Amino acid sequence: MILEAAHPPALDDELNPRESAEARFDEAAERLGLDEGIQKVLRTPSREIIVHIPVQLDDGRLEVFTGYRVQHSIARGPAKGGIRYAPDVTHDEVRALAAWMTWKCAVTNLPFGGGKGGVICDPNLLSPGELERITRRYTAEIFEFIGPEVDVPAPDMNTNEQTMAWIMDTYSMHARHTTTAVVTGKPIDLGGSRGRAEATGRGCMIVADQALRKLGLDRASTRVVIQGFGNVGGMAARLMARAGFKIVSIIEWDGAVYNPNGLDITALAKHRHDTGSILGFPGGEEIDRDDAMFLETEILIPAAKENVITSHNAHRLRTRILCEGANGPTTHSADSILAEKGIFVIPDILANAGGVTVSYFEWVQDRQGYFWNEQLVNDRLEEIMINSFKDVVSYAEKHTVNNRIAAYMLALDRVAFAIRLRGIYA
Ligand code: NAD
């Protein structure tokens, strides 16, 4: 049976992540019967900061960059979320991503709200010195709005542990004492957590494994296709291969490699490191990257970018489990096609929450001044991911909704409960 939407929407309308997030919010809010007032609170960011940052470039010119920090909710704790640097950052996008963080922290029951930040700049055209000056000035401008008890940024697109070290240092200079807990994703020597680099990929593996058990599938005969061989996808591939899953295909922006007996992921990572591409890998055959997405498989992990599964291609998927490593890989219009096909979806706000969970551990360790070994970090991550998976799946079964709407309902319900309990709107 071909399951195409009768009238697939125009792709442009479908690809706006804010619209996808809002459509799911609306459905979850309606099913929960959330009253209008609470819905208004949850739709509106608590605080939005726009800063214009003057920075001297290496050639002596003075340039002004625009930065944002949006705190969507602080109902359950300090705002938490990354800072991205990109030429196409918009206020609207930062706003949507901040709300997303609120739901992600609530699904995993972390004591955080949601926030996000961004600076409009092109890191490819900036020197390390220019990036450092942008970061320090941005931090100084938002100094009084961030802090361990207020809002705790982290890396996101084009920012990394070096960026976090600069933010921590600038914040500490202004506070007149070292404050490691102001950001997470720092280098281990500056208060970072063991296990943070692997956390998102490890979290994907843990929930994918839970889904296998739920469907009565056996790990050794499980085929896995992963799109994106970066932090999330690369780490998930490495950990899953080590745990006995068969990674049959890796898809990158320039092509895909395939081996029905399972790719040697360590060798593939070395090949990519040495050559700059997964192509030309002797341990697998090159296949079309579009075909690779639609191979018959047990687990598909899109871990590259948003909007890769749409109403225009979802009917071609041949996977039992879709584990969303990336943020927003599936558009709202594709959801009903996945449901009709009976694909077991582990939605992004659950599947990739391993990263923010270990960020939470980093914040806890910084505040304790006592650091955990990697095994403890991994054990506690596993406990939170398994509990969150079970919460979402049992909520879905209880309310006869799909896993994604269940995750949103659970998150909205928890945040709304905190708001009512605090009496914020009384
Ligand atoms: P990354 O840049 O390390 O890796 C992304 C990989 O995808 C790169 O190897 C890139 O070459 C590849 N890629 C880009 N376009 C592609 C395409 N069209 N087809 C196939 N591959 C393509 O980024 P990351 O940190 O792994 O993040 C990936 C996704 O996961 C993003 O949506 C991000 O928001 C989300 N995420 C990341 C984390 C984290 O801890 N890093 C946490 C939660 C969510």
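Start with helix α13 (residues 354-368): Tyr360 and Trp363 are three residues apart in it, which means about one helical turn separates them. In this predicted model, both of these residues are buried. Their rings form a tilted aromatic pair, with 6.2 Å from centre to centre and 35° between the planes. Tyr360 also pairs with Phe361: the ring centres are 5.8 Å apart and the planes meet at 45°, so this pair is tilted too. Phe361 has a relative accessibility of 3%, and because buried means under 20%, Phe361 counts as buried.

Now widen the view a little. Tyr360, Phe361 and Trp363 belong to one aromatic cluster that also takes in Phe112 and Trp372. Two arginines join the picture: the charged end of Arg367 sits over the ring of Trp363, 4.0 Å from its centre, while that of Arg380 sits over the ring of Trp372, 4.5 Å from its centre.

Next, have a look at the sheet. Its five strands run in the order β1-β2-β4-β3-β5, making an open sheet with mixed pairing. β1 (47-56) and β5 (151-155) each have a single partner strand, so one side of each has no neighbour in the sheet. On average, neighbouring strands here are turned by 20° against each other, direction ignored. Inside the sheet, β3 (residues 79-86) and β4 (residues 114-120) pair in the parallel sense over four bridges, and Tyr85 stands opposite Val119 in β4.

Last stop: helix α8 (residues 231-242). Its twelve residues should span 16 Å at 1.5 Å a residue, and its end C-alpha atoms are indeed 16 Å apart. Its buried residues include Val232, Met235 and Leu239, and what covers the buried residues includes α7, β6 and α9. After α8 comes Gly244, with a positive phi near 105°.

Conventions: Residues numbered from 1 in each chain as written. Predicted model: local features only at pLDDT ≥ 70, side-chain atom pairs only at ≥ 80, totals over all residues. Heavy atoms only, no water. Helix = DSSP H or I, 4+ residues; strand = E, 2+ residues; numbered from the N terminus. Expected span 1.5 Å × (residues − 1). Buried < 20%, exposed > 50% of the residue type's maximum accessible area, 1.4 Å probe, protein only. Contact = heavy atoms within 4.5 Å. Pairing = 2+ DSSP bridges. Axes fitted to C-alpha atoms, helices over the stretch in contact; angles between N-to-C directions. Phe/Tyr/Trp six-rings, centres within 6.5 Å; stacked < 30°, edge-to-face > 60°. Lys NZ or Arg CZ within 6 Å of the ring centre and 35° of its normal.
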